[in-house]
Amino acid sequence: MSFCCGASMIGTKGTLKHYRTRIHNVPILFCPVCHRVEVHYLVENEYEILADYAHGDGASEVDFQDYVDESEKDLHENSVNNEEEDPLVMVQNQIDMGLDLLTFAKKIGDEEWERQLKRRLGVLSQRRHKLRLKRTTGGAL
């Protein structure tokens, strides 16, 4: 599992920019709390090579899937959640994991970690509230 700032990262595909080249369908990990994005570690080397070659060739856009054959199963095994899941369920899972980590942080007496986890749980709680409102209002916020 990949973690960032107390939350597990979500596996998805996205477009990344390398200088002036946009690379589409790159397997990435996304943090639902701080919105950090990183290339999935299983394809990081391939991404770097493709990005360097595409930039060197002056390509403005390339599709990662056209050049690199990656196994979807292996990529998603490292993620607790992925983008196909219900967003409300995903946020609730993140909250549950955060609460588990908070319990552990309290047990070992790590006050700084507790403070960070409480802040992140607050962000996730707000996101959950917005998702619930969106559902009850039929998508209009």
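Here is a short conversation about how the strands pair in this predicted model.

Student: How do you know that β3 and β4 pair?

Tutor: Two strands count as paired if DSSP finds at least two bridges between them. Strand β3, residues 10-18, and strand β4, residues 21-30, share 8 bridges, so they meet that cut-off. Their sense is antiparallel.

Student: Which residue in β4 is the bridge partner of Thr-12?

Tutor: That is Ile-28. Beside this pair you can look for Gly-11, which stands opposite Leu-29 in β4.

Student: What lies between β3 and β4 in their hairpin?

Tutor: There are 2 residues between them, and Tyr-19 in the turn has a positive phi of about 55 degrees.

Student: What makes β4 and β5 a pair?

Tutor: Try the cut-off of at least two bridges again. Strand β5, residues 37-39, is joined to β4 by 3 bridges, and therefore the two strands pair. They run antiparallel, and Leu-29 has Glu-38 as its bridge partner in β5. These strands form a hairpin too, with 6 residues between them. In that turn, His-35 has a positive phi of about 65 degrees.

Student: How do you know that β4 and β6 pair, and do they run parallel or antiparallel?

Tutor: Between β4 and strand β6, residues 61-63, there are 3 bridges, so the requirement of at least two is met. These two strands run parallel. One bridge to find in the structure is that of Arg-22, whose partner in β6 is Glu-61.

How values were computed:
Residues numbered from 1 in each chain as written. Predicted model: local features only at pLDDT ≥ 70, side-chain atom pairs only at ≥ 80, totals over all residues. Heavy atoms only, no water. Helix = DSSP H or I, 4+ residues; strand = E, 2+ residues; numbered from the N terminus.
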